[in-house]
Amino acid sequence: MTRALIVIDVQNDFCPGGALAVAEGDQIVPDINTLMTEFDAVILTQDWHPAGHSSFASSHAGRNPMELIEMPYGPQVLWPDHCIQGSTGALFHPDLTTDRADLIIRKGFNPAIDSYSAFFENDHTTPTGLEGYLKTRGIRDLTLVGLATDFCVNFSAVDAARLGFDVTVRQELCRGIDLDGSLLAAITGMKEAGVTIV
Ligand code: VGL
Ligand code: ZN
């Protein structure tokens with residue numbers, strides 16, 4: 001059986017000092033590098049927004065980061081500008097092993113729709129292509145690690161489980177943002193979707 005490790009958004013902007021820093025986001029890097037050696041396939045995701053992306057508070061007059069707004073596709077948290085295409089903040093953490101990756105999938109490049117999940121944009125219908133990539137390679141078993149537990153890891157894990165993959169999230173190799181209880185809600189939601197949390 002082919003097992004894949006999916007490393008979600010271990011990028012400078014999600015690490016201490018970055019534009020949307022997740023506490024201790026950098027601390028998971030060494031153990032993720034070690035874990036890569038145990039998998040047949042390694043896939044990295046990279047949050048990759050054009051300047052002026054609709055998920056940025058700066059794109060909405062009078063709005064502040066971390067506020068919730070209603071978008072045509074549903075509720076959307078407004079973020080500080082982050083992971084802008086080609087910026088240093090969008091680069092992977094310098095210590096993350098990237099040579100081992102079979103595939104790097106970029107997401108959030110559509111100016112009008114955010115994309116937390118590695119599988120679908122936040123409209124929950126526009127695919128990124130990752131499902132087809134995994135299924136055509138015969139990969140059914142996924143382990144997810146990375147940033148942030150309650151947003152991109154959560155959405156990716158739930159979508160993967162709904163698509164029929166066998167999904168494990170290694171919680172000690174993730175770190176969360178935890179906005180208004182979002183971390184606990186994410187753990188509960190992932191378990192309900194059939195994700196194994198270890
Ligand atoms: C993420 C917020 C905005 C994440 C990405 O990687 O969890 N969160 N963009
Ligand atoms: Zn983003």
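I count two strands as paired if DSSP finds at least two bridges between them. With that in hand, I opened this predicted model and began with E2 and E5: strand E5 covers residues 103–107, and E2 pairs with E5 in the parallel sense over five bridges. I looked up one contact there and found that Asp47 has Lys107 in E5 as its bridge partner.

**Entry: the other side of E2.** I turned next to strand E1, residues 2–8. E1 and E2 are parallel too, joined over five bridges. Here I noted Val7 standing opposite Leu44 of E2. Following the chain, I saw that E1, helix H1 (residues 29–36) and E2 make up a β-α-β unit, and that this unit is right-handed.

**Entry: burial of E2.** Is strand E2 buried or exposed? I checked residues 41–47, and seven of the seven are buried. I then split E2 by face: Ala41, Ile43, Thr45 and Asp47 lie on one side, Val42, Leu44 and Gln46 on the other, and both sides are covered.

**Entry: the whole sheet.** I wanted the strand order, and I read it as E5-E2-E1-E6-E7-E8, an open sheet of six strands with parallel pairing. Which strands stand at the edges? They are E5 and E8 (196–197); each has a single partner strand, so one side of each is left without a neighbour in the sheet. I also looked at E6 (residues 139–147) and E7 (residues 166–175), which run parallel and are joined by six bridges. As a sample pair I took Leu144, whose bridge partner in E7 is Val169.

**Entry: a hairpin.** Strands E3 (residues 68–71) and E4 (residues 74–77) caught my eye, as they pair in the antiparallel sense, over four bridges. E3 and E4 form a hairpin with two residues between them. I found Met71 bridged to Gly74 of E4.

**Entry: around ligand 1.** What surrounds ligand 1? I listed Asp9, Phe14, Asp47, Trp79, Tyr116, Leu147, Ala148, Phe151 and Cys152. Sorting this shell by type, I got seven nonpolar residues, two charged and no polar. Asp47 was already in my notes, as a buried residue of E2 and as the bridge partner of Lys107 in E5.

**Entry: the record.** I looked in UniProt last. An unreviewed entry there lists residues 4–197 as "domain: Isochorismatase-like". In the model I found the end C-alpha atoms of residues 4–197 to be 16 Å apart, and the span to be 21% helix and 24% strand.

Terms used. Residues are numbered from 1 along each chain as its sequence is written. Chains are lettered from A and ligands numbered from 1 in the order in which they are written. This is a predicted model: local features need pLDDT of at least 70, side-chain atom pairs count only at pLDDT 80 or more; totals for chains, interfaces and linings use all residues. A residue is near a molecule or strand if its C-beta atom, placed from the backbone, lies within 6 Å of it. Ala, Val, Leu, Ile, Met, Phe, Trp, Tyr, Cys and Pro count as nonpolar, Asp, Glu, Lys and Arg as charged, and the others, Gly among them, as polar. A residue is buried if 20 or more other C-beta atoms lie within 10 Å of its own, exposed if 12 or fewer, and partly exposed in between; C-beta atoms are placed from the backbone. A crossover is right-handed if, with the strands pointing away from the viewer, the path from the first strand over the helix to the second runs clockwise. UniProt positions are given in the numbering used here, feature names are shortened, and annotations may be inferred rather than shown by experiment.
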